[in-house]
Amino acid sequence: MKLNNLGYLLKEGFRGIFLHGFMSFAAVCVTVACLVIVGSFSILAYNLDLMVEELNKTSEILVYIDTDLSDAEAKSIGTKINLLDNVLQSTFISREEALEDFIADHDGDSAFSGVQAQDLRHRYVVVLEDNTKMQQTDEQLKQLPGVAKTDAAYELAEGFTTIQNVLHMVSIAIIAVLLVVSLLIISNTVKLAMYDRKDEIAIMKMVGATNGFIRLPFVVEGFTLGMIGAVLAFGLEWMAYDSMVRKITEVDSLQLFTFVPFQEVLIPMVAVFGAAGMFVGIVGSWTSIRKFMDV
Amino acid sequence: MIQFIDVVKSYEQGNNALNGVTMQIEDGEFCFLVGPSGSGKSTIIKLITGELKPTSGAVHVNGYSLERIRRREIPYLRRTVGVVFQDFRLIDKMTVYENVAFAMRVVGAKEKEIKERVPYVLELVGLEGKMSRHPNEMSGGEQQRLAIARALVNNPSTIIADEPTGNLDPERSFEIMALLQEINNLGTTVLVVTHAQNLVELFGKRVIAIDEGLVVRDGTEEENDDEAE
């Protein structure tokens with residue numbers, strides 16, 4: 001392809017956007033709508049994943065110390081606990097502190113008035129790095145000398161892991177379905193745009209234009225429309241996300257929900273929106289024009 | 001040169017459009033192709049422009065053998081054959097100048113060549129004063145002139161006109177035929193597919209008559225009449 005032709009073909013590609021204004025507008029609108037839907041769901045799924053992960057971190061193991069050990073010996077076990085692989089942190093709770101918590105929990109119930117600190121054990125609250133390894137860490141804790149018994153809420157940890165796994169699978173499935181639906185809608189919109197120009201394509205074929213010469217302006221046009229759609233969708237997504245997070249934060253006084261700031265996912269979002277816009281534009285126009293080339 | 005040697009064209013449905021057509025049109029000739037609807041005229045045009053391939057036999061057009069032409073060679077074959085249709089097939093969004101320039105641009109012509117060639121061709125067809133008009137602002141005759149200008153602009157060695165006067169009144173039809181003859185006088189081969197018997201008689205050129213996929217007559221009207229007597 002000659003260089004002067006390339007200039008013409010690029011110019012034609014850009015000109016086509018304005019020459020077929022309505023179809024260009026429709027293609028951009030569909031791209032924006034699809035990308036915003038896919039983008040919103042992806043970012044929502046990402047936030048939910050982080051929230052579940054955060055909740056999962058609250059699962060802990062209670063380690064009860066042998067009553068035969070002195071206070072100093074009980075406190076020294078903390079070092080051994082912290083040396084275990086999966087332990088994020090451990091907090092020592094003396095039997096006196098445990099009694100205070102017990103009384104507070106039972107709100108001065110007379111049935112427990114005779115309970116003494118000596119009846120209780122020193123204990124550690126152990127927070128894990130990875131709750132999927134809770135059972136394994138629990139076994140290691142039980143092996144430590146001076147540990148009388150442990151109390152680990154496996155069911156809760158497993159529950160969080162299951163929720164997270166289900167969330168991952170559902171997110172991937174929904175995003176995949178949304179992407180396929182988006183591609184179909186965009187591809188049909190591009191086909192409509194091509195149909196609008198079938199006479200033009202037929203004339204080009206009739207006067208002896210090569211397939212490459214016919215295709216390139218459409219691909220340039222598709223790429224440009226895809227990128228315009230991606231930029232608009234990205235801006236819209238950013239604004240909508242920021243505004244939604246602000247609104248939720250205002251009403252969520254208990255801070256039940258935590259959302260990552262958009263800036264934290266800026267680079268992956270730019271990459272995903274850019275790639276999706278480019279893919280949809282180029283592939284959409286390339287495949288749609290094939291139908292009209294067989295003249 | 002256009003040459004058909006015992007050409008058969010069958011469609012997938014099983015019916016034969018051509019049943020062994022043999023004919024030859026020399027460079028620089030003016031020729032009419034006539035025949036009733038469904039006789040095979042359109043198939044002949046599609047074979048010449050590379051839209052179809054023959055089922056058997058040989059088709060040679062301006063140095064290309066259509067029975068074994070490669071897909072990527074078809075655009076280059078089409079640059080040697082300008083086609084004019086009954087329904088003009090112009091782009092209404094473009095001006096007269098742009099419609100013709102478009103045909104040059106899409107085959108990769110330089111802007112300088114386009115600026116020189118388009119006004120020359122528009123003058124040849126008598127549209128020099130209407131370059132900035134749009135096709136829908138013009139009469140049928142003018143639109144057909146524009147279609148001829150577009151077919152001519154890439155300097156093809158052959159012009160095929162498929163019912164070029166089908167949408168025109170007798171006066172405009174005569175003008176279009178006269179224009180095609182003028183183009184032929186400049187050295188371009190012209191093949192006109194028509195139902196207009198009066199024009200065929202008036203111009204007294206070679207006539208190839210097709211019926212049921214076969215050439216049933218070939219010669220000038222006078223020769224054919226003599227043969228009939």
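**Exercise 1. Find which strand of chain B pairs with strand E3(B), and in what sense.**

Strand E3 (residues 30-34) of chain B runs parallel to strand E9 (residues 206-211) of chain B, and four bridges join them. Keep in mind as you look that this is a predicted model. Next, pick out one pair of residues: Leu33(B) stands opposite Ile208(B) in E9(B).

**Exercise 2. Follow E9(B) onward to strand E10(B) and describe their pairing.**

Start with the sense: E9(B) and strand E10 (residues 214-220) of chain B are antiparallel, with six bridges. Then find Val207(B), which faces Gly219(B) in E10(B). Finally, look at the turn of this hairpin: two residues lie between the strands, and Glu212(B) has a positive phi near 50°.

**Exercise 3. Place Leu33(B) in its surroundings.**

First, set aside the neighbours within four places in sequence; Leu33(B) is then in contact with residues including Lys41(B), Ile44(B), Leu191(B) and Ile208(B). Now turn to the largest nonpolar core, which has 97 residues. Leu33(B) is among the members that touch the most others, along with Val100(B), Ala149(B), Ile159(B) and Leu180(B). Chain A takes part as well: its helix H8 (residues 211-251) gives the most to this core, ten residues. A second, separate core holds 15 residues, among them Ile77(A) and Phe160(A).

**Exercise 4. Work out what each chain brings to the contact between A and B.**

Begin with the count: 16 residues come from chain A and 16 residues from chain B. On the side of chain A, helix H7 (198-206) is one of the elements that supply at least two residues, and H7(A) gives the most, with five. By class, this side has nine nonpolar, four polar and three charged residues.

Note on methods: Residues are numbered from 1 along each chain as its sequence is written. Chains are lettered from A and ligands numbered from 1 in the order in which they are written. This is a predicted model: local features need pLDDT of at least 70, side-chain atom pairs count only at pLDDT 80 or more; totals for chains, interfaces and linings use all residues. A nonpolar core is a set of buried Ala, Val, Leu, Ile, Met, Phe, Trp, Tyr and Cys residues joined through C-beta atoms within 7 Å. A residue is buried if 20 or more other C-beta atoms lie within 10 Å of its own, exposed if 12 or fewer, and partly exposed in between; C-beta atoms are placed from the backbone. Two residues are in contact if their C-beta atoms, placed from the backbone, lie within 7 Å. Two strands pair if DSSP finds at least two bridges between them. Ala, Val, Leu, Ile, Met, Phe, Trp, Tyr, Cys and Pro count as nonpolar, Asp, Glu, Lys and Arg as charged, and the others, Gly among them, as polar.
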